[in-house]
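Please look over the sequence and the model shown here before reading on. The report that follows takes up the sheet, the helix beside it and the nonpolar cores.

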Amino acid sequence: MKRYSHCPVCGAPYGETAPPGVPSSLLLCHSCGFHFWQNSKPAVGALMTRMRSGRPEILLSRRGIEPCKGMWDFPGGFLSNGESPEEGLARELQEELNVQVRRPRLFSLGIDEYPSDDVAEEARFVLSIFYRCEIEWDAKLTARDDVAEVRWFPLEHPPAEIAFPSNVRTLRDLLRARNEESARDRASGRRGRMSG
């Protein structure tokens, strides 16, 4: 597995193993003393749903790039440096689908390993931040950027080829939350509405 081999500040080579007492998530340069912390990279994912023929549907995008090229994912992506999750969500949905996001609400978090041979071991983990959100009901969805295709699927029957374990868990959790909301709506006499 690929590892960082040199300090990004002074260029000195890193040793084979971390010194005693130094966490493996820290690359410590013995030459200049730079502490190069390795943290999970933040990313956002949009959970957008709608009702069709009385059943909830989820919007998924097919990945056009590796890793997991061709598998289904939530629209979204990595945050830019200094960008808030909500700002990143809005930017990613504009770039990938050409839509404006509305009412983002934090739903869940997940950690995944980014499977790629050209990514250093220390930089392989992603912290995914999932938001339930809305788009205009008549929004014209256009697959752009690194998205090959975008499609609505029944929430109860998503495709089998879902990228990343946290996406699979989030779909399961979203279905459970939707079922609980529907039960509450029925108990209170309201008609269930799904928007995200």
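## Pairing in the sheet

Two strands are said to pair if DSSP finds at least two bridges between them. In this predicted model, strand 3 and strand 9 meet that condition, running in the parallel sense over 7 bridges, and one of the residues involved is Val-44, whose bridge partner in strand 9 is Ile-129. Strand 9 also pairs with strand 8, here in the antiparallel sense and over 9 bridges; Leu-106 has Tyr-131 of strand 9 as its bridge partner, while Glu-113 stands opposite Phe-125 of strand 9.

## Order, edges and twist

These pairings belong to an open sheet of 4 strands, in the order 7-3-9-8, in which the pairing is mixed. Strand 7 (76-78) and strand 8 (102-113) stand at the edges, and because each has a single partner strand, one side of each is left without a neighbour in the sheet. From one strand to the next, the twist averages 20°.

Helix 2, formed by residues 165-188, packs on this sheet and touches strand 3 (41-47), strand 8 and strand 9, with a direction that makes about 140° with that of strand 8. Strand 9, which spans residues 125-134, has 8 of its 10 residues buried and is therefore largely enclosed by the rest of the structure.

## Nonpolar cores

The largest nonpolar core has 16 residues, and those with the most contacts inside it are Met-48, Leu-89, Leu-93, Leu-97 and Cys-133. At least two residues of this core come from each of strand 3, helix 1 (85-97), strand 9 and strand 10 (147-154). Which residues does Leu-89 contact, once its neighbours within four places in sequence are left aside? They are Val-44, Gly-45, Ala-46, Val-101, Pro-104, Tyr-131 and Cys-133. Of these contacts of Leu-89, Val-44 and Tyr-131 were met above as bridge-forming residues, Val-44 with Ile-129 and Tyr-131 with Leu-106.

Another core, of 11 residues, lies apart from the largest one, and includes Ile-58, Phe-74, Ile-162 and Leu-174.

## Confidence of the prediction

The protein averages a pLDDT of 89, and 92% of the residues score at least 70. Confidence is lowest in strand 1 (residues 26-28), where the mean is 85, and highest in strand 6 (residues 72-73), at 98. As a general caution, where pLDDT is low, the predicted coordinates should not be read in detail.

Terms used. Residues numbered from 1 in each chain as written. Predicted model: local features only at pLDDT ≥ 70, side-chain atom pairs only at ≥ 80, totals over all residues. Heavy atoms only, no water. Axes fitted to C-alpha atoms, helices over the stretch in contact; angles between N-to-C directions. Contact = heavy atoms within 4.5 Å. Buried < 20%, exposed > 50% of the residue type's maximum accessible area, 1.4 Å probe, protein only. pLDDT = per-residue confidence, 0-100. Core = buried A, V, L, I, M, F, W, Y, C linked by side-chain atoms within 4.5 Å.
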